[in-house]
Each structure stands twice: as C-alpha cells, then as structure tokens.
Amino acid sequence: MTRTVLVHPDAQVLAEATAARLLTRLIDLQSGHSPVHLGLTGGTVGIATLAAIGRSPVRHAVDWTGVHLWWGDERFLPDGDPDRNETQAREALIGPLGDALPAANVHPMPALDPGAGIATPEDAAAAYAAELKGLAADGAELPVLDVLMFGMGPDGHVASLFPGHPGVGVSGVTTTAVHDSPKPPPLRVSLTFDAIHTAREVWVVAAGAEKAGAVASALAPGTPASTTPAAHATGAEATLWLVDAAAIAEVAAG
C-alpha cells in the first residue's frame, strides 16, 4: 500500500483539483471494469468537490450508468434534512447529473423513518450493511470501493469514527451505529475500519489551519487510531492525502 501527499495552495484550488482528479480516475477505472464503486464524503471541501464535478464539462466523459455511489458515514436524521451528507450531495452533484445517473445507483445510508422500520441508528446500520452485501461478490460483505473519500475533522476523525470513541474499535462488521457523537448531531451511522480497509483507494481531503495538528498526527508513523482515527484511513492499494498549504503547515514545519 502506498501513501501519497499532494499539497494545493488553498481550499478552493484543493476542491477543484480533487474534482478533476476524481473525474479522471473514474474515466480510467471504467476503461478496465464496470461498475465502479465510489464512496462519497460530506464536509465543506468534500461538498465543494462534488459541486465542482457537477459543473465540470468533463463529467460527460464518465458513464454514470456504470458508477455506484455510497457514503462513508451519515447523520441519523430524517430524509431531506439539510445536515445529511446525502441531501448536500444531491444538491451539489446528483441533481446536476440528472438522468445520466440512474437512481438505483445511488445508495444513501437510511434516514430516520420509524414508519419504515428505521427508528434507531442500529436499524440504519443493519440496513446499510445488508445493502452493501447485496451488491458484493459472493462471499464478500461489501462491494470493493474503487475510491473512498473522506474529509477529516480538526480532532482527526474520519467518517463518524472519533478519537477515544467506541466506534473506532468496532470490528467484524461493515457498519456501526454511533451514539453521543462529540460533533452534532449525536446519532450517526458509519462504515467501520474493517470496511474502509477493503477499499482499493482511500482519499483524505483536508483544508485549513485548524486541521494542521491532526494532519501532522495522522501522517506521523505509529499514531494509534484511538488518538487520530484518520491515521488508519488507508486503502488496500493506495492512500492519497489531498491537502491545502495551511493544513500541512505543521508537517512542513517539522
């Protein structure tokens, strides 16, 4: 597994460059196999990246009928809530793609809906695990995600796996319910590290001086997941850190 760090001058350039890189990667992947499975992230830069894809003319070079969209985590809120990663992704990318992306190719984590049997984050986690397994190869628990994207919080969390939080240590399953999240809202659903590590490529996108300490910790050798979960957001074949100059400042200073 290789890890590469690419530095961009600021958050805007980071989002635009990540969008261009992802479009190119999707096109390259489709020359070799179909479908392609892509894991999306939320956050300021993550959604800005999706919006940049949604307005790029290069998006037309991707065969979106052969792309499946998944999420690394979600806020356990009602469907359509503006704080849901899915809601923001629909506005930024899925809506602009229109009919090019089949609705059946979009796999959001279940929203709070007691009438549909999704009353707790445990319900949502179980339902998402079943959906992942439904598109997996025989004997696998989830499809191989070609690219799985994450933002990173100032505390070093990725997905909804927070420092010192029980979710970091969950194993043997692909999804987990999160209670008492230190970042609102308190109820969430997340992929586990077991699931994350099956992805071919993991991309971590981080911008801003407030992320500098966490980036330095994540990139330092031997950092435990309990301290900085982002340090263990690694892909089976490659791990790519896409950062701006402010976020990498403490690494550069060291």
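Where in the chain is Pro-35 found? Pro-35 sits in the loop between helix 1, residues 11–30, and strand 2, residues 36–40. Keep in mind that this is a predicted model.

I start with that loop because of its backbone: most residues other than glycine have a negative phi, and most peptide bonds are trans. The bond that joins Ser-34 and Pro-35 is cis, with omega at about 0 degrees. There is another cis bond to point out, from Pro-184 to Pro-185, and its omega is near -5 degrees. Pro-185 belongs to the loop between strand 6, residues 175–178, and strand 7, residues 188–191.

Next, phi. Ala-159 is not a glycine, yet its phi is positive, about 50 degrees. You will find Ala-159 in the loop between strand 5, residues 147–151, and strand 6. Asp-180 is also a residue other than glycine with a positive phi, in this case near 55 degrees. Asp-180 is in the loop between strand 6 and strand 7.

Are these two residues buried or exposed? Ala-159 has a relative accessibility of 8%, so it counts as buried. Asp-180 has a relative accessible area of 64%, and therefore counts as exposed.

Now His-165, which is placed in the loop between strand 5 and strand 6. Its relative accessibility is 16%; the limit for buried is under 20%, so His-165 counts as buried. What does His-165 touch, apart from its neighbours within four places in sequence? The contacts are Val-178, His-179, Asp-180, Ser-181 and Pro-182. Asp-180, then, is the residue with the positive phi from a moment ago, and it is in contact with His-165. For His-179 there is a further detail: its backbone oxygen lies 2.9 Å from a polar side-chain atom of His-165. His-165 and Ser-226 are 61 residues apart in sequence, while their C-alpha atoms are 7.5 Å apart in space.

Last, the pocket. The largest one has a volume of about 430 Å³. Its lining comes from 23 residues, and those nearest the centre are Gly-42, Gly-43, Thr-44, Met-152 and Lys-183. Which elements give two or more residues to that lining? They are helix 2, residues 44–55, strand 4, residues 73–75, and strand 8, residues 201–206. Helix 2 gives the most, with three residues. Sorted by class, the lining has eight nonpolar, nine polar and six charged residues.

Definitions and conventions
Residues numbered from 1 in each chain as written. Predicted model: local features only at pLDDT ≥ 70, side-chain atom pairs only at ≥ 80, totals over all residues. Heavy atoms only, no water. 1 Å grid on protein atoms, 1.4 Å probe; cavity = no way out; pocket = protein on both sides within 12 Å on 5 of 7 lines; lining within 4 Å. Points joined across faces, edges and corners; volume = space filled by probe spheres on them. Helix = DSSP H or I, 4+ residues; strand = E, 2+ residues; numbered from the N terminus. Nonpolar A, V, L, I, M, F, W, Y, C, P; charged D, E, K, R; others polar. Buried < 20%, exposed > 50% of the residue type's maximum accessible area, 1.4 Å probe, protein only. Contact = heavy atoms within 4.5 Å. Polar contact = N/O pair within 3.5 Å; in protein donor to acceptor, adjacent residues only side chain to side chain.
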